[in-house]
Amino acid sequence: MTYSEFLTMLAPYEEKEFAAFQQKIIMPKTKILGVRTPEMRRIAREFRKNPEELLSFPDEYYEVTFIKLAAVSLLPYEKFCRLVGRCLPLIDNWALCDSFKADCLKRHKQDFLPYLSDLFATGKEFYQRYVLVTLLGFYTEKTYLPVIEEYLSRADTEKYYVHMAAAWLEAEVLVKYYDYGVHILQSGILPPKTHDKAIQKARESFRLTKEQKGFLQSLKIKKRNG
C-alpha cells in the first residue's frame, strides 16, 4: 500500500469538527484529520503483521503517527522492543505518548526496565513522560515502588508534560499504596509544584478516605508556606 492509498483509506472516517476540537486539546505539530480513536485502533490491527509498511509513511498527520504506534504496541515483546526506539522520536504530544501502551509489557515488566532506563536518560520531554506513564500503567505494584520513587526523584519536572506525568504517577501511588505515597511526599524528592499537583490529583480520587485526603492537604507546600 502506498501512502496515498493509506490516506484514501482514512478519508471516509474524517470529521472536520472533531479535528478542530482535537487540535485545541492535543496541539500536535502535525495536522489532524479527525478520525476517531476506535477506528484508528481497528486500522492498526490490520497492519500489526507488517508495521514496517506503516513506519515508512511520513508523519504528516496525527492519525498516521497514532496508527503507527498502535500497530507497534500490538506486537509480541521481542518485536516491540526492536521498534520502540523508532517510535519514541515520533511522539510530540501527550495524546500520542499516553496512548502508546504495549500489552506485552504486562508479562515482561522486569525485562523492560533497562529500556526504560535508557529512554529516561535521554532527558527528552516525551521520552521521560513515556517512561513515567509506562510505570503508571504497568508498574504500580508493591515490588516496583522503589523503582517508581527513583524515577520520580530524577524526573525533569521543569518540562511541563514530565511534571504532569510525575504528579499523576505519584497520585496513583498514593491511591494504591497510601503509606508509601506519603513517604515519597515527605522525602522531599518532588519539586513543590509537582508535590502539590500530586496531592491535588490524589484528593480528587474516590478511593481515598476523608481522613487521608485531609492529611494530604496538610502536606501541601503552598499551604504550609502561606
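Me: Before we start, what do buried and exposed mean here?
Reply: A residue is called buried when its relative accessible area is under 20%. Between the two cut-offs it is partly exposed, and the label exposed is kept for values over 50%.

Me: Thanks. So is R107 buried or exposed in this model?
Reply: Keep in mind that we're looking at a predicted model. R107 sits in the loop between α7 (94-99) and α8 (109-121). Its relative accessibility is 63%, and the cut-off to beat is over 50%, so R107 counts as exposed.

Me: And how far apart are the C-alpha atoms of R107 and F138?
Reply: Along the chain, R107 and F138 are 31 residues apart. In space, their C-alpha atoms are separated by 9.6 Å.

Me: What about S205, is that one buried or exposed?
Reply: S205 is in a loop too, the one between α13 (192-203) and α14 (210-218). With a relative accessibility of 10%, and the cut-off being under 20%, S205 counts as buried.

Me: Which residues is S205 in contact with, leaving aside its neighbours within four places in sequence?
Reply: We skip those sequence neighbours and look at what else S205 meets. That leaves V175 and K213.

Me: Zooming out, how many helices and strands does the protein have?
Reply: Strands are quick to count, as there are 0 of them. The secondary structure is made up of 15 helices.

Me: How does the radius of gyration of the protein fit the globule rule?
Reply: The C-alpha trace spans about 60 × 40 × 30 Å along its principal axes. For 226 residues the globule rule gives 17 Å, and the protein comes close to that with 19 Å, so it is as compact as a globular protein of that length.

Me: Which helix gives the largest share of the largest nonpolar core?
Reply: This core has 80 residues, and those with the most contacts inside it are F80, F100, Y130, L132 and L216. The largest share is 9 residues, and they come from helix α9 (residues 125-138).

Me: Which residues does F100 touch, not counting those up to four places away in sequence?
Reply: F100 is among the core residues with the most contacts inside the core. Its partners include F80 and Y130, which are on that list as well. The full set is L69, V72, S73, F80, V84, C87, L88, I91 and Y130.

Me: Last one: how far apart do the centres of the positive and negative side chains lie?
Reply: There are 35 positive and 29 negative side chains. The centres of the two sets lie apart by 4 Å.

Notes:
Residues are numbered from 1 along each chain as its sequence is written. This is a predicted model: local features need pLDDT of at least 70, side-chain atom pairs count only at pLDDT 80 or more; totals for chains, interfaces and linings use all residues. Side-chain values use heavy atoms; hydrogens and water are left out. Helices (H or I, at least four residues) and strands (E, at least two) are DSSP runs, numbered from the N terminus. Buried means under 20% relative accessible area, exposed over 50%, partly exposed in between (1.4 Å probe, protein chains only). The radius of gyration is taken over C-alpha atoms; the globule rule is 2.2 Å times the number of residues to the power 0.38. Lys and Arg count as positive and Asp and Glu as negative; His and the chain ends are not counted. The place of a charge is taken as NZ of Lys, CZ of Arg, CG of Asp or CD of Glu. A nonpolar core is a set of buried Ala, Val, Leu, Ile, Met, Phe, Trp, Tyr and Cys residues joined through side-chain atoms within 4.5 Å. Contact means heavy atoms within 4.5 Å.
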